[in-house]
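User: Got a minute? I'd like to walk through this model with you before I head back to the bench.
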Amino acid sequence: MSYLVEVLLPIRDDAGPILQGVRDKLTDTFGGVTMHVNAPAEGLWKSEGDVDRDRIVVVEVMTDELDRKWWAAYRKELELRLDQEEIVVRASEVERL
């Protein structure tokens, strides 16, 4: 069984260096990465009566082992770098067909 780890990465117009850093780090660590950058998704949530929005790039990594401590530390690193309260990192078990 393998895992698909997805990072929902909020971006701004000046996100090029951040995306390159994420691409390099995950490729070096896991041997590859998929980044859905051409059609960013839109994240919406209510905050104190207002609706906030983020443009989101979905970053995917396939891995045979799920190192929860590594991913938690990387999530915190990204939250600090991007000045975000929370970045969603989620994992799903996948069966290769």
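Analyst: Sure. One term up front: buried means under 20% relative accessible area, exposed means over 50%, and partly exposed is in between, using a 1.4 Å probe and protein chains only. By that rule, buried residues make up 31% of the 97 residues in the protein.

User: What should I keep in mind about where this comes from?
Analyst: It's a predicted model, so local features need pLDDT of at least 70 and side-chain atom pairs count only at pLDDT 80 or more, while totals for chains, interfaces and linings use all residues. Residues are numbered from 1 along each chain as its sequence is written, and side-chain values use heavy atoms, with hydrogens and water left out.

User: OK, how many helices and strands are there?
Analyst: The protein has 2 helices and 4 strands. Those are DSSP runs numbered from the N terminus (helices are H or I with at least four residues, strands are E with at least two). Along the sequence the pattern reads β-α-β-β-α-β.

User: And what's the radius of gyration?
Analyst: It is 14 Å, which agrees with the value near 13 Å for a compact globule with 97 residues. The radius is taken over C-alpha atoms, and the globule rule is 2.2 Å times the number of residues to the power 0.38. Along its principal axes, the C-alpha trace spans about 45 × 25 × 25 Å.

User: Switching to rings. How many aromatic pairs does a search of the whole structure find?
Analyst: The search finds 5 aromatic pairs. Rings of Phe, Tyr and Trp (its six-membered ring) pair if their centres lie within 6.5 Å; planes under 30 degrees apart count as stacked, over 60 as edge-to-face and the rest as tilted. One of the pairs is Phe-30 with Trp-70, which is edge-to-face at 5.1 Å centre to centre and 85 degrees between the planes.

User: Which helices do those two lie in?
Analyst: Phe-30 lies in helix H1 (residues 16–30) and Trp-70 in helix H2 (residues 68–81), so the pair ties together parts that are 40 residues apart in sequence. Phe-30 counts as partly exposed, at 25% relative accessibility, and Trp-70 is also partly exposed, at 23%.

User: What about Trp-71 and Tyr-74?
Analyst: They form an edge-to-face pair as well, 6.3 Å centre to centre with 75 degrees between the planes. Both lie in helix H2, 3 residues apart, about one turn of the helix.

User: Is Trp-71 buried or exposed?
Analyst: Trp-71 counts as buried at 5% relative accessibility, and Tyr-74 is buried too, at 3%. Ring pairs link Phe-30, Trp-70, Trp-71 and Tyr-74 into a cluster.

User: New topic: where is Asp-64?
Analyst: Asp-64 is in the loop between strand E3 (50–63) and H2. It counts as exposed, at 54% relative accessibility. Its C-alpha is 9.6 Å from that of Phe-30, with their positions 34 residues apart in sequence.

User: What is Asp-64 in contact with?
Analyst: Leaving aside neighbours within four places in sequence, Asp-64 is in contact with Met-1, Ser-2, Tyr-3 and Arg-96. Contact means heavy atoms within 4.5 Å.

User: Last one: what does Arg-90 touch?
Analyst: Not counting residues up to four places away in sequence, Arg-90 touches Leu-4, Val-5, Glu-6 and Leu-8. Arg-90 lies in strand E4 (residues 88–94) and is partly exposed, at 41% relative accessibility.
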